[in-house]
Amino acid sequence: MFFFFAGGVTQEVRQVLKQQAGKCINCRSPADLVEANKVLKLFFIPVYRWPAKDQLMHCNNCGLFYPPSLSPLSSESRPSEKHLCRFCDRKVDSDFRFCPFCGSAL
């Protein structure tokens, strides 16, 4: 006999605590600080939900969940900072993902 099992554990937003609390680490769009639920699904049907232990950041654009400690602060909450490019040693705004001078990833 052969059995086929389709299921897994996913996360979903339970409650939004603060909107646009930071930027997504994947796509740099606004991310919310949320409380999340973990959901056990069997054959794509939710079977059991339980609360996640910690608060998470949730990206509205790509749907990524990640810990708040990894989130860069939103541009409204901090002044425009400058960082040094590690390849050409020029000052680059912190909003850039690539150096405008040498093209390397920041």
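## A walk through the strands

Start by selecting Glu12, which is partly exposed, with a relative accessible area of 26%. Keep in mind that you are looking at a predicted model.

Now add Arg49, whose side chain meets that of Glu12 in a salt bridge, 2.7 Å from N to O. Arg49 belongs to strand S3 (residues 45-51) and Glu12 to strand S1 (residues 7-23), so the pair ties together parts 37 residues apart in sequence. Arg49 is partly exposed, at 44% relative accessibility.

The structure holds two salt bridges, so where is the other one? Select Glu35 and Arg14: the closest N and O atoms of this salt bridge are 3.7 Å apart. Here strand S2 provides Glu35 and strand S1 provides Arg14, so parts 21 residues apart in sequence are tied together. Glu35 counts as partly exposed at 23% relative accessibility, and Arg14 is partly exposed too, at 43%.

Next, turn to the interior. Select Cys24, Ala31, Leu33, Met57, Cys59 and Tyr66, which form the largest nonpolar core. Strands S2 (30-42) and S4 (56-59) each supply at least two residues of this core. A second, separate core has five residues, including Val34, Ala36, Ala52 and Phe65.

Go back to Ala31 and show what surrounds it. Leaving aside residues up to four places away in sequence, Ala31 touches several residues, among them Gln20, Gly22, His58 and Tyr66.

Finally, zoom out to the whole chain. You will find seven strands and zero helices. Of its 106 residues, 25% count as buried. The chain exposes about 7800 Å², with carbon and sulfur atoms supplying 56% of that area.

Definitions and conventions. Residues numbered from 1 in each chain as written. Predicted model: local features only at pLDDT ≥ 70, side-chain atom pairs only at ≥ 80, totals over all residues. Heavy atoms only, no water. Helix = DSSP H or I, 4+ residues; strand = E, 2+ residues; numbered from the N terminus. Buried < 20%, exposed > 50% of the residue type's maximum accessible area, 1.4 Å probe, protein only. Areas by Shrake-Rupley, 256 points an atom, 1.4 Å probe, with all protein chains shown as cover. Core = buried A, V, L, I, M, F, W, Y, C linked by side-chain atoms within 4.5 Å. Contact = heavy atoms within 4.5 Å. Salt bridge = Lys/Arg side-chain N within 4 Å of Asp/Glu carboxyl O.
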